[in-house]
Amino acid sequence: MATIPSKIKVQLNGKERLQKLKEAFHEKYGQMPVFYACAPGRVNLIGEHIDYCGYAVLPMAIEQNILAAVSVSDSKTIQLANTDPKYKNFTVSVDGISIDRENPQWHYYFLCGVRGIQEHLSLSSLAGMCCVVDGTIPASSGLSSSSALVCCAGLVTMEANQKSLSKVTLAETCAKCERYIGTEGGGMDQSISFLAEEGTAKLIEFNPLRATDVRLPDGTLSGNTPGAHAQISQKLFSYPCKFQFQIFWNSIFMVKYRNQMLAKARGLDWSRLLKLGDVQKELQVSLEQMLELVEEALHPEPYSRDEICKTLGISAEQLCGNILSANTQHATDFKLYQRARHVYGEAARVLQFKAACDSSPANAVAQLGDLMNRSHASCRDLYECSCPELDQLVDICLQAGAVGSRLTGAGWGGCTVSMVPRERIDSFLQTVREHYYVPDARRSALEKQSLFVTRPGGGAAIFIEE
């Protein structure tokens, strides 16, 4: 795999999307773009809510992406426009970039990428830019449209300022800078956007960041709302639910106190162990042994603030100031047992999924499907990041012939990914349409953009017209 993003010379003849973007750029700015940059969305096949706990995940890039046409100038301004009219134009001075995390408009995500690259490279000033952005990743679908926009902006900023960074550095920088808008992810989305290769999923590991090819067994097709890769016989489909749900920060930001309670139970210096993965490394035990430790050290009943303080030997003020995040200051009880069980169990399922792909036993497809089903059950029951619509959709997919089905993305809305035998594909799609989309007018109106197939795509790249 190349260490830096590809820079590809292209002829626009026959490339309708690029040609339309070029025309939109010329209509907007009265000039031609100098280059184009794209960053793909992703689907996570397995490994939900564990990247920020220090564990490997198994996503793949999808063909749907964020594409930007760009020109460079000495105007000292960044001008942003979008082919979708619901996203308003925005102009800012290169010396006055600020990001309002309380008002997460599309252009602020773009500016996260700009600012992140500027700070990483210690650039005292930035080149002026004119950009028109076009996206094919459904918004709010759990397919990482916002992270792809940040990654695209980071790549644009690097190229516009005539710099060169490795894919790993770009991924790590974009993961950090997306936090400017308030997103506290673990780095999976940005990593696969830059490190993806066409035709394969990736095992993404952290500290240090690295990616390993994971090819589904012969006789399976890799896809999802993604779906397809040439020589394989199963397909993976993903279905954006298009429903908005409140993010339960109580689940997402419980990393510190669940791992600190486990560390305390084993006499470790809990104050320096920031992730559940750190506790396992310190103890030098297997994931299975960590699950046993969860059973021994934590109780299924929710923990109160007082119980956490008493166990750790800290005051309520220290709990609020040093452990609770801004988003959990209001929380009164915490399901540490359930969240820890999910993380260690899901981390084990990721490794089992890769092992089944690598060894490709006769029942590999059944094994992968079972792992996906168990992943969804854990997300639903232990991490509580599902919702009624996702659970309904998973049930419909399984009844329609999927071998395995699970939510993908953060959850609380988003989409599902399913593994379906090739011979069942047509009946599967028809059943999903009839039982999920047709009965609901709102869903039915969204079917065209919500129910789609793609191939495992390549990573972020620069395009220059020949």
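This passage describes a predicted model of a protein chain, first as a whole and then through selected residues and one helix pair.

The protein chain contains 16 helices and 14 strands. Of its 466 residues, 57% are buried. Among contacts in the chain with a separation of 6 or more, 71% link residues that lie 24 or more positions apart. The exposed surface of the chain comes to about 19000 Å², and 47% of that area is supplied by carbon and sulfur atoms.

Two of the residues considered here lie in regular secondary structure. Lysine 202 belongs to strand β7, which spans residues 201-205. Its relative accessibility is 1%, so lysine 202 counts as buried, the cut-off for this class being under 20%. The side chain of lysine 202 is joined to the side chain of glutamate 197 by a polar contact of 2.6 Å.

Asparagine 259 is located in helix α7, formed by residues 255-265. This residue is buried because its relative accessible area is 0%. The side chain of asparagine 259 reaches a backbone atom, the oxygen of leucine 273, at 2.5 Å. When residues up to four places away in sequence are not counted, asparagine 259 touches Leu273, Leu274, Lys275, Leu276 and Val279. Leucine 273 therefore appears both in this set of contacts and as the partner of the asparagine 259 side chain through its backbone oxygen, under the limit of 4.5 Å between heavy atoms that defines a contact.

Proline 300, in contrast, is placed in a loop, between α9 (287-297) and β10 (303-304). With a relative accessible area of 40%, proline 300 is classed as partly exposed, because the value falls between the limits of 20% and 50%. Proline 300 is 37 residues from tyrosine 337 in sequence, while the C-alpha atoms of the two residues are 5.4 Å apart in space. Apart from neighbours within four places in sequence, proline 300 is in contact with Tyr337 and Gln338.

The packing of one helix pair was also examined. Two packed helices are described by the angle between their axes and the distance between the axes. For helix α14 (residues 388-399) and helix α15 (residues 425-437), the angle is about 145° and the axes are 9 Å apart. The crossing of α14 past α15 is right-handed. On the α14 side, the contact is made by Glu389, Gln392, Leu393, Ile396 and Cys397, and on the α15 side by Phe428, Thr431, Val432, His435 and Tyr436. Sorted by class, the residues in this contact comprise 6 nonpolar, 3 polar and 1 charged.

Technical notes. Residues are numbered from 1 along each chain as its sequence is written. This is a predicted model: local features need pLDDT of at least 70, side-chain atom pairs count only at pLDDT 80 or more; totals for chains, interfaces and linings use all residues. Side-chain values use heavy atoms; hydrogens and water are left out. Helices (H or I, at least four residues) and strands (E, at least two) are DSSP runs, numbered from the N terminus. Buried means under 20% relative accessible area, exposed over 50%, partly exposed in between (1.4 Å probe, protein chains only). A polar contact is a pair of N or O atoms within 3.5 Å; within protein, one must be able to donate a hydrogen and the other to accept it, and residues adjacent in sequence count only if both atoms are side-chain atoms. Accessible areas come from the Shrake-Rupley method with a 1.4 Å probe; for residues, only the protein chains shown count as cover. Axes are lines fitted to C-alpha atoms, for helices over the stretch in contact, and angles run from 0 to 180 degrees between N-to-C directions. A crossing is left-handed if the near helix is turned anticlockwise from the far one by less than a right angle, and right-handed if clockwise. Ala, Val, Leu, Ile, Met, Phe, Trp, Tyr, Cys and Pro count as nonpolar, Asp, Glu, Lys and Arg as charged, and the others, Gly among them, as polar.
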